[in-house]
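Visitor: Could you take me through a close look at one part of this structure, the places where its pieces touch? I'd like to know what each side brings to the contact.

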Amino acid sequence: MSPTDESMKKDDLVKEAAETTMAAESGSSRREFLAQSGRVVAGAGVAALLGNLGGWALSYAADKEPIKIGILHSLSGTMAISEVSLRDTVLMAVEEINNSKNKVMGRTIQPVVVDPASNWDLFAEKAKQLLLVDKVAVVFGCWTSVSRKSVLPVFEKNNGLLFYPVQYEGEECSHNVFYTGAAVNQQAIPAVEYLMSKEGGGFKKFYLLGTDYVYPRTTNKILRAMLLAKKVPAANIAEEYTPFHHQDYQTIVGKVKKFAAGGGACVISTINGDSNVPFYKEFANQGLRAEDAPIMAFSVAEDELRGMDTTALVGHLAAWNYYQSVDTPQNKKFVADFKAYCKKNNLPDGEKRVTDDPIEAAYFGVHIWKQAVEKAGSIEVDKVRKAVYGSEFLAPGGKIKMDEANHHTNKPVLIGEILKDGQFKIVSRSKGLVKPEPWSEYTSPDKGCDWIKHQGTYQKK
Amino acid sequence: MNGVLSIVLLGTLSFWGAGQAFGAEGPRVTTAAPPLSFVDKALADLSSGDQARQDTAVLALSEQGDPALLPKLEEIRDNADRSVRLAIKPLMDLLRNRANLSSPDSDKRRSAATDLGSSGKPLVIPWLESALAGETNRWVRYTLEESLALIRLASDNPDGKIKAAAKLGELRSPNAVPALKELIQQAGATDATDQQKVLANTARAAIEQIDIWASWANAFETIFRGISLSSILLIMSLGLAIVFGLMGVINMAHGELMMIGAYATFVTQECFKAYLPAGLFDYYFLMSMPVSFCIAALSGLILEATIIRFLYGRPLETMLATWGVSLVLIQAARVYFGDLTSVAAPSWLSGGAQVMVGVYLPYNRIFIIVLSILCVAGIYFLLFRTGIGLRVRAVMQNRGMSSCLGIPTRKVDAYTFAFGSGLAGLAGCALTLVGNVEPGLGQNYIVDSFMVVVTGGVGKLTGTIVASLGIGGLNKLLEPSFGAVYGKVLILVLVVLFLQRRPSGLFTIKGRHADA
């Protein structure tokens with residue numbers, strides 16, 4: 001989910017970032033370079049010596065030391081509104097583990113919090129700092145796709161480990177990232193399938209409306225392919241984008257009204273951030289009702305609804321993998337714990353804070369990592385990674401399972417209806433867990449993602 | 001265990017789906033049991049688990065159409081499993097809508113009429129007819145007639161169909177177009193009957209009527225949207241036109257003064273919520289307008305006294321200093337209010353007035369149009385009909401001479417700046433009706449405001465008014481065909497080209513005061 005050019009493919013980005021890094025490094029003068037490499041050689045020699053002679057002593061000492069983990073979420077700038085909650089969640093999970101009897105193999109966790117300030121270049125810099133200077137075992141972080149894309153080369157080059165907790169557009173399969181949010185087939189596609197089903201209202205016309213950046217465009221590309229595959233005529237699909245911070249939705253709502261005349265139409269919204277309120281307000285004021293043309297949103301969750309005037313949103317829909325209203329004992333405990341944590345630490349809004357999908361994903365990410373470390377008996381990335389494959393955890397929203405091979409998460413899909421108090425009433429629930437597909441079967445049927453039998457992304461035969 | 005249960009549920013669900021297909025035309029109930037026990041029996045059948053009995057019961061209760069059953073059904077629904085819930089949902093919707101047909105709220109009556117129309121069940125015709133007989137509200141009547149015609153159009157009676165098609169044409173109902181088009185398509189088939197062809201001709205005529213009407217409605221709506229956007233641009237730029245246009249101060253914090261106005265509205269709302277009875281809540285907005293004006297004006301006064309007065313005549317320094325101030329204000333708002341606040345429009349400003357078929361004019365936009373006209377009138381009165389206005393104009397035209405004649409120019413500067421800031425606050429207050437309240441609010445609008453003032457010609461209020469009408473109108477004219485993103489790009493390109501031809505904008509100050 002991020003403002004970047006759609007055409008910018010992952011590979012280009014990786015290459016570009018690698019080149020920049022190299023350019024920056026070769027910028028230093030020859031003498032400095034020689035001196036540096038001298039130090040590196042000396043350092044390596046000392047390390048090797050220590051490794052041979054004092055290996056046992058060192059490893060014993062390391063067993064007692066706390067494990068450092070990195071938290072890479074924007075705490076200032078435009079994305080702070082969403083990402084601060086995730087930092088709080090990770091810290092809460094860490095506190096939970098540190099207060100438990102066994103901690104992680106008897107060692108406490110020491111979080112290192114950095115602030116990339118919603119600045120994409122700074123994300124890469126801070127990631128480098130976490131991996132190379134602080135030498136953290138794992139990083140929990142990122143929200144927008146552009147921030148994830150900018151740290152990706154850093155993690156891949158240094159063999160780091162990132163847990164990414166937000167639903168995203170897919171088409172990625174990194175060895176160094178675990179995606180605990182939803183892939184497109186775990187959110188957008190089931191949502192549209194629900195709308196097409198008898199239970200969901202049997203809608204026949206789809207207005208795809210989004211903010212102009214990579215997440216909406218990629219998602220809508222996949223949705224369009226899927227709708228066409230399901231024999232929805234092209235005339236019944238409309239697609240439209242607005243700039244960031246767009247405020248004047250008169251014309252677009254007018255178009256939706258024309259499109260919806262005669263019934264059977266719905267709006268699929270990937271509108272982001274502050275454009276949502278003007279859009280929903282205009283929608284209601286021009287006489288459109290949720291019964292005639294419901295808006296299915298992929299970027300509106302409890303945390304965004306908190307403090308918003310929900311009058312115009314009531315009855316519209318959203319698709320996520322978790323809601324605060326999920327009725328399980330472990331979720332009741334989770335919600336209460338989170339509120340208590342926010343209150344105890346004097347975080348803004350304290351007890352009025354709510355949980356939502358990315359918060360849950362960030363939370364169970366920490367626990368999945370902890371389990372994997374215990375299973376592997378080590379914090380080494382390569383061992384932990386193997387231990388994560390196929391591991392299960394009883395998350396607040398129900399049991400989830402990490403995929404055996406593709407670094408994504410098997411999760412349930414829930415469709416919710418917005419209520420007056422900013423919570424969701426769950427109207428539909430997938431049967432069991434939905435298997436993640438990083439490469440959509442509709443737009444990339446020939447591609448797969450597998451780190452066990454293949455080297456990541458591969459061509460299906 | 002869970003899996004088995006869900007498979008069983010799925011099974012019953014699909015079975016029910018198949019049963020529903022013949023539900024509408026399904027077997028009629030002929031049992032002549034006494035009414036009370038009949039209803040009770042049907043209610044019991046609903047949760048019997050027997051598919052056939054359930055369907056019969058649903059159908060029977062739909063025909064009965066007694067909304068008094070709703071509480072009982074509600075009870076059944078709460079205790080039932082998913083298949084029963086799904087089965088009785090259409091029944092409950094039907095009954096609820098029937099009850100709503102006699103609701104005192106015209107919006108509810110109207111929604112109910114629409115829903116019953118789209119249910120397509122012929123059994124609702126008598127309900128709609130009886131509601132129509134007693135209905136006085138024009139638009140509810142319209143919807144009832146439309147729903148009736150739509151159901152009749154879908155029925156099997158050929159004469160009724162033709163009449164319904166003609167009626168829908170008369171009603172100019174855009175909702176009927178897909179159904180009418182389908183009829184035309186059916187008549188195009190090789191085995192079409194004469195009757196179908198006659199019907200298709202009627203449908204064609206109806207579609208033509210609807211289309212002609214729709215293009216008029218569209219033109220009308222486009223004009224309204226243009227005026228609405230213009231009024232928003234105007235109300236944002238008026239303050240800037242005074243501060244930048246008349247005083248020559250480039251105030252980059254102008255957008256943040258709007259933000260202050262918006263937050264003042266928010267605080268007023270919260271105060272009304274907290275300290276006054278709920279009945280008065282709807283009037284908070286009237287109160288918030290003077291409050292936001294005053295608070296923004298006060299902030300402007302402080303800004304002028306502490307920073308800007310030392311920088312008159314040094315535009316670059318002013319720009320940098322006020323930009324710094326704007327950053328401070330944004331972060332202060334973020335720290336104090338957080339990112340998540342919003343203003344609930346009072347009930348008399350939500351919704352819209354329907355002026356013709358398919359055309360809604362939202363109240364909040366009408367309000368902003370009226371407010372901006374009032375602001376312009378107020379400014380003209382103040383500048384050209386009062387002593388203060390005379391002094392302001394004198395100082396702006398020739399500072400030295402005014403000072404010579406005994407006008408306290410420093411004071412006039414301060415008051416003018418405060419007035420411009422107050423107008424920004426008022427704009428912020430108005431903007432809460434269409435958008436949200438957030439720290440970055442001013443940033444979204446400041447560029448547009450400068451664009452309007454510069455295009456209009458610095459120093460001329462007429463220019464600001466004409467420019468906002470021009471930019472707003474052009475934007476709404478371009479947006480339908482180019483989309484929001486390229487529409488905006490095109491507007492910016494046009495403004496750049498225009499300013500290259502006429503660097504001083506639409507209206508320029510001529511004569512002796514040109515360089516003053």
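Guide: Happily! Two residues are in contact here if their C-beta atoms, placed from the backbone, lie within 7 Å. This is a predicted model, where local features need pLDDT of at least 70 and side-chain atom pairs count only at pLDDT 80 or more, while totals for chains, interfaces and linings use all residues. Residues are numbered from 1 along each chain as its sequence is written, and chains are lettered from A and ligands numbered from 1 in the order in which they are written.

Let's go into chain B. Its domain assignment (bounds come from an automatic or database assignment) gives domain 1 (1-100), domain 2 (106-192) and domain 3 (216-515). Between domain 1 and domain 2 of chain B, 9 residues of the former are in contact with 10 residues of the latter. On the domain 1 side, α3 (51-64) and α5 (82-100) of chain B each give two or more residues; helices are DSSP runs (H or I, at least four residues) numbered from the N terminus. The largest share of that side, 5 residues, comes from α5(B). By class, the domain 1 side that touches domain 2 of chain B holds 2 nonpolar, 4 polar and 3 charged residues. Here Ala, Val, Leu, Ile, Met, Phe, Trp, Tyr, Cys and Pro count as nonpolar, Asp, Glu, Lys and Arg as charged, and the others, Gly among them, as polar.

Now for the contact between the chains: 36 residues of chain A are in contact with 42 residues of chain B. The chain A side has 9 nonpolar, 14 polar and 13 charged residues.
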